[in-house]
There are 4 protein chains.
Amino acid sequence: MEAGKFRFKIDLRVRNYEVDWQGIVHNTVYLLYCEVGRVEYLKHIGATVDLNTINGINKIVLSRNEINYIKPARFDMMLEVYTRISEIGNSSFIFESLIIDPESGELIAENRAYHVWLDSEENSPQRVPEDFRKIVRDFEGNTLSERGSISRPDVG
Amino acid sequence: MEAGKFRFKIDLRVRNYEVDWQGIVHNTVYLLYCEVGRVEYLKHIGATVDLNTINGINKIVLSRNEINYIKPARFDMMLEVYTRISEIGNSSFIFESLIIDPESGELIAENRAYHVWLDSEENSPQRVPEDFRKIVRDFEGNTLSERGSISRPDVG
Amino acid sequence: MEAGKFRFKIDLRVRNYEVDWQGIVHNTVYLLYCEVGRVEYLKHIGATVDLNTINGINKIVLSRNEINYIKPARFDMMLEVYTRISEIGNSSFIFESLIIDPESGELIAENRAYHVWLDSEENSPQRVPEDFRKIVRDFEGNTLSERGSISRPDVG
Amino acid sequence: MEAGKFRFKIDLRVRNYEVDWQGIVHNTVYLLYCEVGRVEYLKHIGATVDLNTINGINKIVLSRNEINYIKPARFDMMLEVYTRISEIGNSSFIFESLIIDPESGELIAENRAYHVWLDSEENSPQRVPEDFRKIVRDFEGNTLSERGSISRPDVG
């Protein structure tokens, strides 16, 4: 991932109960940090959609997570979580996140999260709505890739 | 992933505090379930190594997680978590997991977790030891793939 | 608390991600175990009410938790969680829990959880309904104390 | 508890994954917030002791938690967590916490957490050391109560 493509970040401090018996952040907690980043990102760009929440007509579900763990984060570290939407396909879109240690500039973890837009009544994939595309496009500019369809890779 | 290749499973019940505001299991909890499966798998095959733990000489770290979310699990469901080691490379090995709803037979999620064997003093990758290879080979038989090296895919 | 007064128990295994950097169960996890016990208890006695959930007319909220930590639980221990409703007041009732190590018979923790029954529209305390009282009374028998009112003690 | 007696606070934002299916913070999470407050408090007053951690000679364990839930906290709220040590007995001491919504000034929850100082070799209670007493006394002044012994109340 290219750090230069990210236009949004939050700061987030590692809390004591998030570290495991080695004193390092548990592997699932990085995914929670990325989720915090995505929720804040959507608020920031003005999307009126809640992730993981049914809001009347639409429902967005997480269909795949990929995360590479580069360096462990430790208790009390202040972390930067960078978030962007990198791709919008027909009914899917992809969030990318970088977790950075701002003191050293080192990469802690990088995450790619595939989301699918569902019709909440029929529970079937539907085209990502135009108003959502527009606010993402306005925010991300030409780093956003829009294409016909995004296939979630197989696992294994 | 091919379910027929898995020779180990555990049963695990979804607890009430693991479901989110939609009544469905939070996306990071499936990774915790896969972790429970890996810990039980290692005990079952007789590996004296603890995941995520320094045990004298060796240290194993999780370097990548991939998970596809197929169907949500709900409160009180009894789940089956299938676990196997599918590949051993030079200093890496891969755990695969399937989470299944045994009532319907449907797949809930599938996970691929890359691990790296480190020399605990120098913190540098070292060859997966022969005794560990042997007990995995004895348990998995010809479904285990051993090859020169495993590259963790890039994210994004 | 008197163990002899409890007529309901569940078995529950400590999962690897529930232990902290000392290898012992984190202090908040015992409260989650007690919550699992309460949910199972209500199912067992046939109460059609969900804890922490709005079900049409009623809403039950947790107003106080007291827990004494006696002995730490460790990874992989199988625990017994005993649950009972010990008191019903006007709009409140109290759940008691014991967490026991069945191998040694030793007490791990004991919890007292105060709940208040709210009118879901006005959000004000209302009398615990007669049908709920009846199924608890039928299950608990003469160990259940019913009295005019239960005051939550002050903290500090 | 008297808010005026607290000389230390931290600010802490509710994260999305900390709320349950009602959109309110799960009851155990408030205890985690209080724990964050205690860890920061000890750093602030200059105590070189880690809670829940063995540091060579001493070991401090949590022996009791009391928490009253007054008002629910919701996603994205910024909370104030006030922390103080209110009492030091022979081998025990008590942390008090208040969680406040600074916008309304309303109390969210109040917690009292009993800790015991153990001799790490024999695992038996030992007198709270004089150097720890001194830094707490210097910080808290005359609101700190020191007395012969603190008995943990029974549960139930």
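**The interface between chain D and chain A**

In the contact between the two chains, 15 residues come from chain D and 15 residues from chain A. The model is predicted, and the values below are computed from it. Together, chain D and chain A bury about 1,300 Å², of which 50% lies on carbon and sulfur atoms. Within the area that chain D buries against chain A, a share of 44% is supplied by D:Arg15, D:Asn16 and D:Tyr17, more than by any other three residues.

Charged and polar groups also pair across this interface. Four salt bridges, counted as 4 by the rule applied, link chain D and chain A. One of the residues named above takes part in such a pair: D:Arg15 forms a salt bridge with A:Glu18 through their side chains, with a distance of 2.9 Å from N to O. In addition, 10 residue pairs are in polar contact across the interface of chain D and chain A, both residues of each pair being at pLDDT 80 or more.

On the side of chain D that touches chain A, the elements that contribute two or more residues are strand 1 (9-13) and helix 1 (27-45) of chain D. Helix 1 of chain D gives the most to this side, with 7 residues. Sorted by class, the side of chain D facing chain A in this contact comprises 7 nonpolar, 1 polar and 7 charged residues.

The two chains are related by symmetry. Chain D superposes on chain A by a rotation of 180° with 0.0 Å of shift along the axis, at an RMSD of 0.0 Å. This is therefore the relation of a two-fold axis. The same surface serves both copies, as 100% of the contact residues of chain D recur in chain A.

The fold of the single chain was described for chain A. Chain A contains 2 helices and 6 strands, and from the N terminus on its elements follow the order β-α-β-β-β-β-α-β. Along its principal axes, the C-alpha trace of chain A spans about 45 × 30 × 30 Å. The radius of gyration of chain A is 16 Å, which agrees with the value near 15 Å that a compact globule of 156 residues would have.

Key. Residues numbered from 1 in each chain as written. Chains lettered and ligands numbered in written order. Predicted model: local features only at pLDDT ≥ 70, side-chain atom pairs only at ≥ 80, totals over all residues. Heavy atoms only, no water. Contact = heavy atoms within 4.5 Å. Buried area = accessible area lost by both parts, 1.4 Å probe. Polar contact = N/O pair within 3.5 Å; in protein donor to acceptor, adjacent residues only side chain to side chain. Helix = DSSP H or I, 4+ residues; strand = E, 2+ residues; numbered from the N terminus. Nonpolar A, V, L, I, M, F, W, Y, C, P; charged D, E, K, R; others polar. Least-squares fit on C-alpha atoms with pLDDT ≥ 70 in both. Rg over C-alpha atoms; globule rule 2.2 N^0.38 Å.
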